[in-house]
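Got your viewer open and a selection box ready? Let's walk through this one, picking residues as we go.

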Amino acid sequence: MSEAANPGHDAVKIGIVSISDRASTGVYEDKGLPTLQDWLGRALRNPVHFEARLIPDEQDTISATLIELVDAGCSLVLTTGGTGPALRDVTPEATLAVAHKEMPGFGEQMRQISLKFVPTAILSRQVAVVRGQSLIINLPGQPKAIAETLEGLKDADGQQIVPGIFAAVPYCIDLIGGPYMETRDEVCKAFRPKNAQRPQTA
């Protein structure tokens, strides 16, 4: 699955993984993958190639899928589902098992955003890690929560109240040697120090 190319912007390969026993066996329709692809398509100026996977809540399968996507050249891998305290929720364990570095700030910020809406956000166990030159982030399972954590919270005038986690993703990927990701400010404004910014591409 590919987005139309935008000349002048680095091409980006992104892995998107929906983790659900029931969706992966067809009991109900998966909504995680379409939500991720739609949001990223709106937020990024880069030409994006998506590597999509729908898999069950099996720790070894999740870890193997993450390694496969990193090895396939995905600079960013986003997962959705399997991050609560239930017995079958093993996404964080599977993610940490393949980590070279942990990035705890992402999980902390996601929980801060979700706590604005529901007190049960403290039950979420999302983690983020770096493996090689790839950033892997666990996202919530609900489409609304996915968008909220990526984009952050805005007031009625569209002014940012709480930054979403995606504002820090492009610079993180710069630091680990990945492509230069550019965002559409109206969706999510990426933050970089001035010395790390390229001239704006049309």
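Start with the largest nonpolar core, 32 residues in this predicted model. Select Ile 14, Leu 40, Leu 76, Leu 135, Ile 137, Leu 139 and Phe 166: these have the most contacts inside that core. Now colour helix 2, residues 32-43, which supplies the largest share of the core with five residues. As background, nonpolar side chains in soluble globular proteins tend to be buried together.

Next, zoom in on Leu 40. Which residues does Leu 40 touch, leaving aside those up to four places away in sequence? You should find Ile 14, Ile 16, Phe 50, Leu 78 and Phe 166.

Before leaving the nonpolar side chains, pick Val 17, Ile 19, Ile 55 and Ile 62. They are among the 14 residues of a second, separate core.

Then go for the rings. Searching the whole structure turns up one aromatic pair. Show Trp 39 and Phe 166 as sticks: the two rings sit edge-to-face, 5.1 Å centre to centre, with 70 degrees between the planes. Because Trp 39 lies in helix 2 and Phe 166 in the loop between strand 8 (160-163) and helix 7, the pair ties together parts 127 residues apart in sequence. Both Trp 39 and Phe 166 are buried.

Last stop: Glu 182, in the segment that follows helix 7 (169-175). What is the nearest side chain of opposite charge to Glu 182? Arg 198, but at 5.3 Å away, and Glu 182 is buried with no salt bridge. Add His 9 to the view, and you'll see a side-chain polar contact of 2.9 Å between His 9 and Glu 182.

Note on methods. Residues numbered from 1 in each chain as written. Predicted model: local features only at pLDDT ≥ 70, side-chain atom pairs only at ≥ 80, totals over all residues. Heavy atoms only, no water. Helix = DSSP H or I, 4+ residues; strand = E, 2+ residues; numbered from the N terminus. Buried < 20%, exposed > 50% of the residue type's maximum accessible area, 1.4 Å probe, protein only. Lys, Arg positive; Asp, Glu negative; His and termini not counted. Salt bridge = Lys/Arg side-chain N within 4 Å of Asp/Glu carboxyl O. Polar contact = N/O pair within 3.5 Å; in protein donor to acceptor, adjacent residues only side chain to side chain. Core = buried A, V, L, I, M, F, W, Y, C linked by side-chain atoms within 4.5 Å. Contact = heavy atoms within 4.5 Å. Phe/Tyr/Trp six-rings, centres within 6.5 Å; stacked < 30°, edge-to-face > 60°.
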